[in-house]
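Here is a friendly look at how charges, rings and strands are arranged in one protein model. Have the structure open and follow along.

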Amino acid sequence: MELWFTERHTPNAKFSIKVDKQLYSGNSEFQRIDIFDSKEFGRFLTLDGYMMLTEKDEFIYHEMITHIPMAVHPDPKNILVIGAGDGGVLRELTKYDCIEHIDLVEIDELVVEVCKQYLPTTACRFDDPRVHCYFEDGVKFIRRCEDKYDVIIVDSTDPFGPGEGLFTKEFYGSCFKALHDDGIMVNQHESPFYAEDALAMQRSHKRIVGSFPISKVYQAHIPTYPSGHWLFGFASKKYHPTNDYNGTKWSMLGLNTRYYNPRLHVGSFALPTYVEELLRDVE
């Protein structure tokens with residue numbers, strides 16, 4: 001008998017991976033958590049039946065959501081990460097010696113524990129002394145913050161269930177308040193390809209544009225996410241993501257990456273015409 005994981009992307013399109021075995025299945029107070037093993041993509045994590053990451057392509061997502069803002073900000077010392085219980089963003093952030101303090105706010109502590117056990121190459125830097133974990137609602141946490149962070153990375157699930165509050169105008173306003181005067185926020189921005197995902201992307205972009213003076217969108221190809229075409233949001237109080245970017249300075253840090261590089265940094269902000277039109281419609 002063959003076992004397949006299948007995720008419905010639209011009523012008319014599904015994505016499937018052949019599974020060797022299921023390594024974990026459990027329910028927290030927030031969601032169902034599953035870990036599967038496969039020949040093609042290695043181990044992968046799903047929450048409530050939705051793909052979160054696979055060992056084979058997670059580096060793309062985590063590098064692009066982390067290194068873009070870190071490479072633009074000239075002196076990022078204090079970082080807030082919301083979500084990211086799989087630890088991938090922490091792994092990338094802790095490559096930077098300039099960082100002094102990282103707050104990670106994850107609503108579901110069980111996600112962290114499961115990823116530590118079953119996805120050790122991703123959840124490998126929770127023990128870094130600069131990392132401080134808070135297991136609570138990110139929306140409530142950030143309301144208490146003001147002028148505290150250089151960079152905020154919102155590594156949320158999709159805009160429903162536990163992650164729904166991380167896509168509201170109130171939340172983006174709280175992020176603005178929590179940043180220093182030259183702070184940067186990035187978020188996963190959904191996909192522009194399928195109609196329902198595109199609407200969620202437009203709603204999110206409209207709210208961010210209303211909160212930040214500089215708001216841009218960039219892209220990456222992530223094979224296991226719906227359509228493979230994925231967007232990220234870059235919002236800043238001061239810095240433009242390409243005009244204020246020094247690729248040579250970043251290269252001199254000597255960081256090891258598999259997807260991100262200075263040429264790609266600039267190129268990722270060059271969007272297809274249909275995506276530009278979707279964004280323009282809500283700007």
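Two basic side chains sit over aromatic faces in this predicted model. Lys56 covers the face of Phe41, and Arg258 does likewise for Phe59. The distances to the ring centres are set out here:

| Charged residue | Ring | Distance to ring centre |
|---|---|---|
| Lys56 | Phe41 | 5.7 Å |
| Arg258 | Phe59 | 3.8 Å |

Rings also meet other rings. How many aromatic pairs does a search of the whole structure find? The search returns 16 of them. In one pair, Trp250 and Tyr260, the ring centres are 4.8 Å apart and the planes stand at 75°, so this pair counts as edge-to-face. Its members come from distant parts of the chain, 10 residues apart: Trp250 belongs to helix H7 (residues 247–251), while Tyr260 lies in the loop between H7 and helix H8 (262–267). Are these two residues buried or exposed? Both Trp250 and Tyr260 are buried.

There is an aromatic cluster to find as well. Tyr61, Tyr218, Tyr225, Trp230, Phe232, Phe234 and Phe269 make it up.

Now turn to the strands. An open sheet is built from four of them, ordered E3-E4-E5-E6, with antiparallel pairing. Strand E3 (21–27) and strand E6 (50–54) are its edges, each pairing on one side only. On average, neighbouring strands in this sheet are turned by 20° against each other, direction ignored. Strand E5 (residues 42–47) joins E6 through four bridges in the antiparallel sense. If you would like to look at a bridge up close, pick Thr46, whose bridge partner in E6 is Met51.

Technical notes. Residues are numbered from 1 along each chain as its sequence is written. This is a predicted model: local features need pLDDT of at least 70, side-chain atom pairs count only at pLDDT 80 or more; totals for chains, interfaces and linings use all residues. Side-chain values use heavy atoms; hydrogens and water are left out. Two strands pair if DSSP finds at least two bridges between them. Helices (H or I, at least four residues) and strands (E, at least two) are DSSP runs, numbered from the N terminus. Axes are lines fitted to C-alpha atoms, for helices over the stretch in contact, and angles run from 0 to 180 degrees between N-to-C directions. Rings of Phe, Tyr and Trp (its six-membered ring) pair if their centres lie within 6.5 Å; planes under 30 degrees apart count as stacked, over 60 as edge-to-face and the rest as tilted. Buried means under 20% relative accessible area, exposed over 50%, partly exposed in between (1.4 Å probe, protein chains only). A charge sits over a ring if NZ of Lys or CZ of Arg is within 6 Å of the ring centre and within 35 degrees of the ring normal.
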